[in-house]
Amino acid sequence: MNPSRPSEVAAAYNEWAATYDVVPNRTRDLAGDVLRRVNLKFTSRTIIEVGCGTGRNTEWLARSAASAKNIIGLDFSEQMLAHARARLNDPRVRFLRHDVRSAWPLENASADVIIVMLVLEHVEHLQTIFEEAARTLTAFGELFICELHPMRQLLGGQARFANVQTGELQLVPAFLHNVSDYVNAGLAAGLELTQLGEWRDAEAAPRELPRLLSLTLRAPVRPLS
Ligand SMILES: C[S@@+](CC[C@H](N)C(=O)[O-])C[C@H]1O[C@@H](n2cnc3c(N)ncnc32)[C@H](O)[C@@H]1O
């Protein structure tokens, strides 16, 4: 999504919100499994979920990160956020409506872990996302990204859902990002790449294209100012 189409993606997710959690979706489910399989720092105090949607990952984060004092979900779809708010009743968790293409409502060096899952295909320019992550991460803080693999995008893969009223398949506007686009945007923001993952469905044949790409990046120690 780009600034010339500010509301198209949010509007699509407002419509998708009612069925997002209930209609089978292998990409959503595999991304959730991947999050559970990577070793994020759950000794963290502040965790940010960018594009938290209905809060399905936020709920797991809140359960898994007992030491977390603040868990903040950012999303610009009011309907997705309504599901997230109904799902979680935990004083440590807050959901904020925000378009993550503009400066995040977070202090510098305030987040120990930032996760971004199945969001960036809707963001045309990745650099702001990585720069905001680099700005808000603490030293050695981690940014975890998990997105539809660009090979799948090249074959036509794109977020889509059946409209509840009409039953018509609706595509959510998306942009292609190559693996190098993610890696170079992270490096340009001053982050270090610590892990790259390519993930297939459990039952996939070995030669099947990976469904998801994941990256873990780490913020360097900050110079004393
Ligand atoms: C496919 S859903 C993923 C939700 C959740 N991360 C998950 O894995 O289930 C994508 C989410 O990203 C949000 N999103 C997309 N572009 C955004 C933007 N520019 N600012 C804030 N949220 C955005 C959508 O509203 C939607 O809730």
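Two strands count as paired if DSSP finds at least two bridges between them. Keep that handy for what follows, and remember that this is a predicted model.

**Exercise 1. Work out how the strands of the open sheet are ordered, and which ones stand at its edges.**

Solution. Start with the inventory: the protein has seven helices and nine strands. Next, follow the pairing from strand to strand. Seven strands join into an open sheet, and the order reads S3-S2-S1-S4-S5-S9-S8. The pairing is mixed. Now look at the ends of that order. Strands S3 (93-97) and S8 (192-199) each have a single partner strand, so one side of each is left without a neighbour in the sheet. Finally, check the twist: ignoring direction, neighbouring strands of this sheet are turned by 15° against each other on average.

**Exercise 2. Zoom in on strands S5 and S9, and find the sense of their pairing.**

Solution. Take S5 at residues 137-148 and S9 at residues 212-218. Seven bridges link the two, and the sense is antiparallel. For a spot to click on, try Leu 148: Leu 212 in S9 stands opposite.

**Exercise 3. Find which strands helices H4 and H5 touch, and at what angles they run.**

Solution. Begin with H4, residues 78-87, which packs on the sheet and touches S2 (70-75) and S3. The direction of H4 makes about 170° with that of S3. Then move on to H5, residues 127-136, which also packs on the sheet. Its contacts are with S4 (111-117) and S5, and its direction makes about 150° with that of S5.

**Exercise 4. Decide which residues of H7 are buried, and what they pack against.**

Solution. The cut-off to apply is 20 or more other C-beta atoms within 10 Å of a residue's own. In H7 (residues 179-188), Tyr 182, Ala 185 and Gly 186 are buried. They span an arc of only 100° around the axis, which puts them on the same side of H7. Next, list the partners: the buried residues of H7 pack against H5, S5, S8 and S9. Before leaving the helix, glance just past its end, where Gly 190 takes a positive phi of about 90°.

**Exercise 5. Judge how compact the whole protein is for its 225 residues.**

Solution. The radius of gyration is 17 Å, close to the 17 Å from the globule rule, so the protein is as compact as a globular protein of that length. Then add burial: 39% of the 225 residues count as buried. Last, take the contacts with a separation of 6 or more; residues 24 or more positions apart account for 72% of them.

Conventions: Residues numbered from 1 in each chain as written. Predicted model: local features only at pLDDT ≥ 70, side-chain atom pairs only at ≥ 80, totals over all residues. Helix = DSSP H or I, 4+ residues; strand = E, 2+ residues; numbered from the N terminus. Rg over C-alpha atoms; globule rule 2.2 N^0.38 Å. Buried ≥ 20, exposed ≤ 12 C-beta atoms within 10 Å, placed from the backbone. Contact = placed C-beta atoms within 7 Å. Axes fitted to C-alpha atoms, helices over the stretch in contact; angles between N-to-C directions. Arc of directions from axis to C-beta.
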